[in-house]
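This report goes through a single protein chain, beginning with how far its coordinates can be trusted and moving on to particular residues and their surroundings.

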Amino acid sequence: MHQQSVPISRLQKEYRLKPLEFSSPQKERIVSRYPESTDYNSNNNGKYQTNLSLPTLPPLKKKSKIEQTVSIYKGKAARLPSIQFTGSQQQLQRKKQISEIDGMRKSITPEKRLGMRNSMIFAMKTKAGCQPNKATKINQDAAIVCPKNVESIGFKLFGVCDGHGLNGHIVSNQIKQQLPKHLSRLLKDGENIENQIQKAFTITNRELWNSEIDTNLSGSTTISLLINKDHIYSANVGDSRAIMCRFDNGWKVVPLSRDHKPDDPEEKQKILEAGGRVEQQKDLQGNPIGPFRVWLSYIQAPGLAMTRSLGDKVGAQAGVTAEPEIKQYTITEQDHFIVVASDGVWEYLSNEEVMNIVVPYLEKDNPDQAADNIIIEATQAWRRNSLARDDITCIVIFLQK
């Protein structure tokens, strides 16, 4: 998102934004998280158009562990003396040569996690996106991969947080750190598990709002799976997604979450009841373009492409909520694997296409290669459909019998 020239305090004064107070949630594609035209019009000589602004990033004490090492390849590289490789080194070098395409930005060292925990084996891979001009982009995705503090009390937790806005990467990593901590503490009480998951999300969101992180126009979606033996608790906020794949007279997909999109009838109704708007952007001729977005009733902001998110204080005034949609599922003998991923995967790949990518690696017990191929196929799908690419993150979990 582009930086703007006037502070948020002026927006609050001029447009009479309500004071932001946190209250617990009540029961009741690349498309960017915020639309480019909210603050920038590429057809108007690159001039900023509104009074909305964001402060600069606060200094970070520690660098994110998931930052990608990125390189840009343009033109012909200078000729260097050849290096002799032997054995496995030669094979690794060959793989790198194949993956490096002249003139195209690649994530050279995507973050990976590979592990085995009792009744399942799993792998995670993430890849940073890129801008239309192939400029480098901070990876705003963060993955939760079976943290030990949750596992120590008999649960396995997997999740993907997809940040958006100027500070989206900070928000997603904050959720990655804090949500498992609160879950592990609350689950020890032995009360209703759904209620404890709800509380953990509420506390995490409250901490974000009260922190020094500017979350006026920054936030993150979160899809999490809490697994206890053969029972799954799915908690979703936003448009990341999880699926379980079952073999019963053929392969079938069991959705473990529902995307919270503004054009979903149930989600749209909640936004309208809260006083927000759900509309598409319009081009210079007034024709609707792009996905439906969430706006305040009196200004073209924040323009979120989802109806639920952690953070996003301005979006909350338009009805955007951090309330997780929690569902329960039982793992059967016919269920073989689970995929949890950010919308960088689902933007151009269907549930069935992702399932078919993973199936060949099931008999090989190789979730790592399955995750690799999801990233490859998602990247190619973005290349076919867009000049830019969203961050792509996936976790593949093989359920062992």
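Over residues 1–5, what does the pLDDT do, and how many contacts beyond four places in sequence does the model have there? The pLDDT stays under 50 over residues 1–5, and the model has 20 contacts of that kind for them. Residues 36–86 also have a pLDDT below 50, and in the model this stretch has 101 contacts beyond near neighbours in sequence. Where pLDDT is low, the predicted coordinates should not be read in detail. The structure is a predicted model, and across the chain the pLDDT averages 80, with 70% of the residues scoring at least 70.

**Overall make-up**

The chain holds 10 helices and 19 strands, and 51% of its 401 residues are buried. Its accessible surface comes to about 19800 Å², and carbon and sulfur atoms account for 48% of that area. One of the helices, H4 (residues 168–187), has 20 residues and reaches 28 Å from its first C-alpha to its last, close to the 28 Å expected at 1.5 Å a residue. Because 16 of the 20 residues of H4 are buried, this helix is largely enclosed by the rest of the structure.

**Salt bridges**

A search of the whole structure finds 11 salt bridges, and the table gives some of them.

| Acidic residue | Basic residue | Closest N to O separation |
|---|---|---|
| Asp239 | Lys261 | 2.9 Å |
| Asp335 | Arg246 | 2.5 Å |
| Glu266 | Arg258 | 3.9 Å |

In the salt bridge between Asp239 and Lys261, with its closest N and O atoms 2.9 Å apart, the partners come from distant parts of the chain, 22 residues apart: Asp239 belongs to the loop between strand E10 (231–237) and strand E11 (241–247), while Lys261 belongs to the loop between strand E12 (251–255) and helix H6 (265–273). Both Asp239 and Lys261 are buried.

The salt bridge of Arg246 with Asp335 has its closest N and O atoms 2.5 Å apart. Arg246 lies in strand E11 and Asp335 in strand E18 (residues 335–341), so this pair ties together parts that are 89 residues apart in sequence. Arg246 counts as partly exposed at 23% relative accessibility, whereas Asp335, at 0%, counts as buried.

For the third pair in the table, Glu266 and Arg258 meet through their side chains at 3.9 Å, N to O. Glu266 has 45% relative accessibility and counts as partly exposed, while Arg258, at 18%, counts as buried. Salt bridges that share partners join Arg258, Asp264, Glu266, Glu267, Arg308 and Glu325 into one network. Of these network members, Glu267 is found in helix H6 and is buried, with a relative accessible area of 2%. Leaving aside neighbours within four places in sequence, Glu267 is in contact with Arg258, His260, Lys261, Thr307 and Arg308.

**The surroundings of Asp391**

Asp391 is found in the loop between helix H10 (367–385) and strand E19 (392–399), where it is buried with a relative accessible area of 1%. Although Asp391 and Lys127 are 264 residues apart along the chain, their C-alpha atoms are separated by 5.9 Å. Beyond its neighbours within four places in sequence, the contacts of Asp391 include Lys127, Ala128, Gly129, Asn139, Ser342 and Gly344. The side chain of Asp391 makes a polar contact with the side chain of Lys137 at 2.7 Å, and it also reaches the backbone nitrogen of Gln140 at 2.8 Å.

**Backbone geometry**

Most residues other than glycine have a negative phi, and most peptide bonds are trans. Against that background, Ala301 and Pro302 are joined by a cis peptide bond with omega about 0°, and Pro302 is found in strand E15 (residues 299–304). Cys146, which is not a glycine, has a positive phi of about 45°; Cys146 is placed in the loop between strand E7 (141–145) and helix H3 (148–151), and at 2% relative accessibility it counts as buried. Asp365 likewise has a positive phi, of about 50°, although it is not a glycine. The place of Asp365 is in the loop between helix H9 (351–358) and H10, and this residue is partly exposed, with a relative accessible area of 42%.

Conventions. Residues are numbered from 1 along each chain as its sequence is written. Side-chain values use heavy atoms; hydrogens and water are left out. A salt bridge is a side-chain nitrogen of Lys or Arg within 4 Å of a carboxyl oxygen of Asp or Glu. Helices (H or I, at least four residues) and strands (E, at least two) are DSSP runs, numbered from the N terminus. Buried means under 20% relative accessible area, exposed over 50%, partly exposed in between (1.4 Å probe, protein chains only). pLDDT is the predictor's confidence in each residue, from 0 to 100. Contact means heavy atoms within 4.5 Å. Accessible areas come from the Shrake-Rupley method with a 1.4 Å probe; for residues, only the protein chains shown count as cover. The expected span of a helix is 1.5 Å times one less than its number of residues. A polar contact is a pair of N or O atoms within 3.5 Å; within protein, one must be able to donate a hydrogen and the other to accept it, and residues adjacent in sequence count only if both atoms are side-chain atoms.
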